[in-house]
Amino acid sequence: QARKASREPYVQFRTHHREELQRRQRIEEELRRALVSDPSQLEIHYQPIVSTESGQLVALEALLRWNHPELGSIPPTEFIPLAEQSTLIDKVGAHVLATACAEVAGTPQLRQVMLCVNASRRELTNEEFLHRLRETCAQTGMDPRSLCLEITESALAPLESGLLNLLHAIRALGISISLDDFGTGASSLSELYRLPVGILKTAKAFVDALGENPSARTILAGIVDVAHAMGVRVIAEGIETADQAATIAAVGCDLAQGYHYGRPKPLAEILTGTSVISTTRDTPDES
Ligand code: C2E
Ligand code: MG
Ligand code: MG
Ligand code: MG
């Protein structure tokens with residue numbers, strides 16, 4: 001009896017562990033399959049990034065959504081980390097880049113709007129990454145100056161010289177780089193001067209702390225000041241309330257993103273959401 005009782009948690013643990021492994025394996029297989037033979041399971045949603053001053057739409061962040069016929073909708077917080085454990089993330093990244101560039105570059109109304117695409121460390125370390133960026137822009141008609149890669153600060157650690165050179169080569173193509181989830185990783189403001197980064201996205205944790213901790217506002221204001229002194233723009237992400245929107249505008253964040261302004265949606269829905277779309281003087285002629 002005693003022996004059985006003591007074994008039980010272990011057995012449960014083993015069963016649980018095995019089920020989790022099986023789910024992970026299934027997800028990896030299914031994602032690989034979807035990319036190759038059923039990409040319609042994958043859809044890109046776009047979330048508005050607006051100017052804190054004018055409220056105008058400045059950029060869209062591409063966020064991948066996956067709806068599997070049997071497993072249902074699987075969040076990127078589950079499948080992206082799994083894909084990052086293998087070269088599968090390369091295929092995911094290439095798919096998102098090509099699809100998002102084609103969709104956005106193919107929409108004349110979005111000509112003045114920047115497209116932000118997330119890139120993982122493993123993608124950056126693929127030798128073909130730079131080539132892929134160049135080819136994708138050429139094939140889709142995406143202006144590299146309207147493309148921005150979001151890279152988390154933790155993805156840049158350690159920052160070997162090869163990686164730093166790649167970032168400079170990406171910049172040389174005209175593509176911008178933004179540091180995603182800034183403030184959660186190991187690097188610091190003092191690292192910023194080494195990086196060819198034009199935009200800093202503060203981690204949602206800063207915004208969440210605004211209501212609770214008075215220092216959060218001071219820290220955010222300090223980050224904005226240092227960033228501006230280096231010619232870097234700041235996006236505050238995860239803005240959910242009007243209070244947060246007012247605070248981040250008051251401390252000088254240039255741009256804002258969050259449910260308060262709009263959730264990630266298919267491009268067609270963004271376009272019918274009208275008001276935030278900046279009407280440009282350009283006519284969609286030479287495309
Ligand atoms: P991220 O790049 O930091 O993207 C922002 C995440 O915050 C998105 O979650 C977005 O839906 C969510 N978000 C935006 N505004 C709010 C808000 O006001 N409140 C809250 N609670 N959340 C908000 P999502 O779409 O689930 O993506 C999670 C993460 O998965 C992303 O974080 C990114 O790291 C990764 N990811 C998504 N798509 C891709 C992709 O195509 N490639 C790569 N490498 N990673 C991706
Ligand atoms: Mg991002
Ligand atoms: Mg982020
Ligand atoms: Mg985030």
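Visitor: What makes Glu61 a polar contact of ligand 1?

Guide: In this predicted model, a polar side-chain atom of Glu61 lies 3.0 Å from an oxygen atom of ligand 1. A polar contact is a pair of N or O atoms within 3.5 Å, so this pair counts. Arg65 has a side-chain N or O atom 2.8 Å from an oxygen atom of the ligand, and for Asn118 the distance is 2.9 Å. Taken alone, ligand 1 exposes 790 Å², and the protein buries 83% of that.

Visitor: Which parts of the chain build the shell around ligand 1?

Guide: Strand S2 (57-68), helix H2 (76-83) and strand S6 (176-182) each supply at least two residues. S2 gives the most, with 4 residues. Sorted by kind, the shell has 8 nonpolar, 6 polar and 8 charged residues.

Visitor: Why are Asp180, Asp181 and Glu237 called donors of the magnesium ion (ligand 3)?

Guide: Their oxygen atoms lie 2.0 to 2.3 Å from the ion. A donor here is an N, O or S atom within 2.8 Å of the metal, so these three residues qualify. Along the sequence their spacing reads D-D-x55-E.

Visitor: What makes Asp180 a shared residue of the two magnesium ions?

Guide: Asp180 coordinates both ligand 3 and ligand 2, and these ions are 3.9 Å apart.

Visitor: Why does the pair Asp180 and Glu237 tie together separate parts of the sequence?

Guide: Asp180 lies in strand S6 and Glu237 in strand S8 (residues 233-237), so the pair links parts that are 57 residues apart in sequence.

Terms used
Residues are numbered from 1 along each chain as its sequence is written. Chains are lettered from A and ligands numbered from 1 in the order in which they are written. This is a predicted model: local features need pLDDT of at least 70, side-chain atom pairs count only at pLDDT 80 or more; totals for chains, interfaces and linings use all residues. Side-chain values use heavy atoms; hydrogens and water are left out. A polar contact is a pair of N or O atoms within 3.5 Å; within protein, one must be able to donate a hydrogen and the other to accept it, and residues adjacent in sequence count only if both atoms are side-chain atoms. Accessible areas come from the Shrake-Rupley method with a 1.4 Å probe; for residues, only the protein chains shown count as cover. Ala, Val, Leu, Ile, Met, Phe, Trp, Tyr, Cys and Pro count as nonpolar, Asp, Glu, Lys and Arg as charged, and the others, Gly among them, as polar. Donors are N, O and S atoms within 2.8 Å of the metal (3.2 Å for Na, K and Ca); water is not among the atoms, so sites may look incomplete.
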